[in-house]
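Work through the exercises below with the sequence and the 3D structure open. Try each task before reading its solution.

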Amino acid sequence: MTRALRSGAAVCLLALVLAGCGGGGGGGGSGSTTPEPTPLPPVAADLSPVAARDGGSALPAQWQGGAFMQIFVRSYQDSDGDGIGDLRGLIQRLDYLQDLGVKGLWLMPIGPSQDRDHGYAVTDYRAVEPRYGTLADFDELLRQAHARGIGVIVDYVINHSAAQHPLFVHAGTWPTSPVRDWYLWQQISKPAGWSIYGSDPWRRHPAGGWYFAAFWDQMPDFDLRNPEVVRWHHDNLRFWLNRGVDGFRFDAVGHLVENGPGAWDNQPENLTLLRAVRDEVLGAYARRYLVCEGPGAPLAYQSACGSAFAFGHHARVLQAARGDVAAIAAVADHFRSAPLGMATLLANHDSFAGQRVHDQLGGNLAQYRLAAATYLLMPGTPFIYYGEEIGMAGAASLSGDPKLRTPMSWSGDVRHAGFTTGIPYRALSANVTTMNVAAQQADPASLLSFYRAMLALRNGLAPLARGSWEAARQEGQVLSFQRALDGERVLVAINYGSSAAQARVSGLAASARLESRFPSGAADLAADAAGALGIDLPAQSLRVFVVREP
């Protein structure tokens, strides 16, 4: 891979182009003249530097220990009847999210995009998608969320832009563009031997040359070895942080730097880049949170970013919920080696992570509850994918990622699901008539009520949000574990099996009292003189206790 030379002349040319001015040069003493070069048009993008300006945080310390809701704004709530979700619609649903017990929101990309759907083909890094609203609407969302004790992080696409981004348009149109080397080019011949996810990432540009685009020919990769590109990304991050955003989810961090056809994933340079971002953000802004998507090396990105999604663990939790003994053992072992601060999940917007939880479990709500309890009561920062809390299925008429990104099922109306007063832009969930908020909101036996109960436990018992991971034990289809913080201890026992079982617990204080916190009305228990007891568990059930020493 090559880049244009960064000579002093190139730097001067960048200044001239950004100012819209031409270059010039006269002849020497020989009397000959050299034609002035035709000036290039300016790059139609905001490249201005942004200084850090932290206005402080309205959120409590350790707020990120609570659960997040991952929200696709386009599919969450439409406020103006155009069939597309927007920021004002999300603001209308903040009370619902607060009542559920959510402490953070992850918004999938909210900027203008070439794809005009998922948002990952960004065309402007410092603006809001017009169909979603305005920057003023986003500021209002932050204000309203913070007033409810809810933080807001936004998706940031650092690896690539849209092909229609002004930077790439300029770079592709003029080989002498001062931003040509902001992307990866080969001018003479296409590199051989490359394949990423079954496709050649080197794409022919209509104006000549080949550019690198790992995911789609309309999403060219930035050259993140170019310090000018990195500085610009840092400026973009400060743009949003200065507005009060509480952090970022970084997309596709395994692809930031490529070192050849056999070394394009999870390269060491990726970690260096992300550590610099982490130090910049967390060093200059209080109580911010960063989380990275790096499925191929989650532990490495956890260290570099501060947090990363625990891909792989999510599949084991779902398998444990089905009663798989090996998976239950793996779940018990996970946090013996993994950092306690990892981001946990059951599913998300990407089909590589699995279908909607309802579809993966075949609609088995008993298993669904146990999967939810497992990850919501474990260490880490749990991320709930919007609609997961009501058992939304994918759209029957769609496939791929769009199947997972359907409008939120607020009601059972088969025309619009309470999502819009107009025509939804996309097909609804396949089970909208039965699995929706309106049908579950007041039902104490509903899946929604169960999620609310689990989050109430997490929010009300500090060890469940921030405590240690101790005495994790798998015995048959039973999992038990303890979490402790500042002298308070919580014990959780889960029976994933289809018949009654007993969790055997030892190592407690002699005659310790176990105050039952879930389910409602269940009896308290006590350990014997040796600090042991057996906890009887009905089939596919859960018990949660606060442990008190006598």
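Three exercises follow, on helix packing, a disulfide and unusual backbone geometry.

The model is predicted: local features need pLDDT of at least 70, side-chain atom pairs count only at pLDDT 80 or more, and totals for chains, interfaces and linings use all residues. Residues are numbered from 1 along each chain as its sequence is written, and side-chain values use heavy atoms, leaving out hydrogens and water.

**Exercise 1.** Describe how helix α4 and helix α6 pack.

Step 1. Locate the helices, which are DSSP runs of H or I with at least four residues, numbered from the N terminus, while strands are runs of E with at least two. Helix α4 covers residues 135–147 and helix α6 covers residues 227–243.

Step 2. Take the angle and the distance. Axes are lines fitted to C-alpha atoms, for helices over the stretch in contact, and angles run from 0 to 180 degrees between N-to-C directions. Here the angle is about 55 degrees and the axes are 10 Å apart.

Step 3. Classify the angle. Under 35 degrees counts as roughly parallel, over 145 as roughly antiparallel, 65 to 115 as roughly perpendicular and the rest as oblique. The pair α4 and α6 is therefore oblique.

Step 4. List the contacts (heavy atoms within 4.5 Å). From α4, Leu 135, Phe 138, Asp 139 and Leu 142 meet Phe 239, Trp 240 and Arg 243 of α6.

**Exercise 2.** Find the disulfide and state which parts of the chain are tied together by Cys 292 and Cys 305.

Step 1. A disulfide is a pair of cysteine sulfur atoms within 2.5 Å. The sulfur atoms of Cys 292 and Cys 305 are 2.0 Å apart, and the structure holds one disulfide.

Step 2. Cys 292 belongs to strand β8 (residues 289–292) and Cys 305 to helix α8 (residues 298–305), so the bond ties together parts 13 residues apart in sequence.

Step 3. The torsion about the S-S bond of Cys 292 and Cys 305 is about -90 degrees, so the disulfide is left-handed.

**Exercise 3.** Explain what is unusual in the backbone at Ala 252 and at Pro 519.

Step 1. Recall that most residues other than glycine have a negative phi, and most peptide bonds are trans.

Step 2. Ala 252 has a positive phi of about 50 degrees. Ala 252 sits in the loop between β7 (247–250) and α7 (268–284). Its relative accessibility is 6%, so Ala 252 counts as buried (under 20% relative accessible area; exposed is over 50%, partly exposed in between, with a 1.4 Å probe and protein chains only).

Step 3. Phe 518 and Pro 519 are joined by a cis peptide bond, with omega about 0 degrees. Pro 519 lies in the loop between β15 (513–518) and β16 (525–526).
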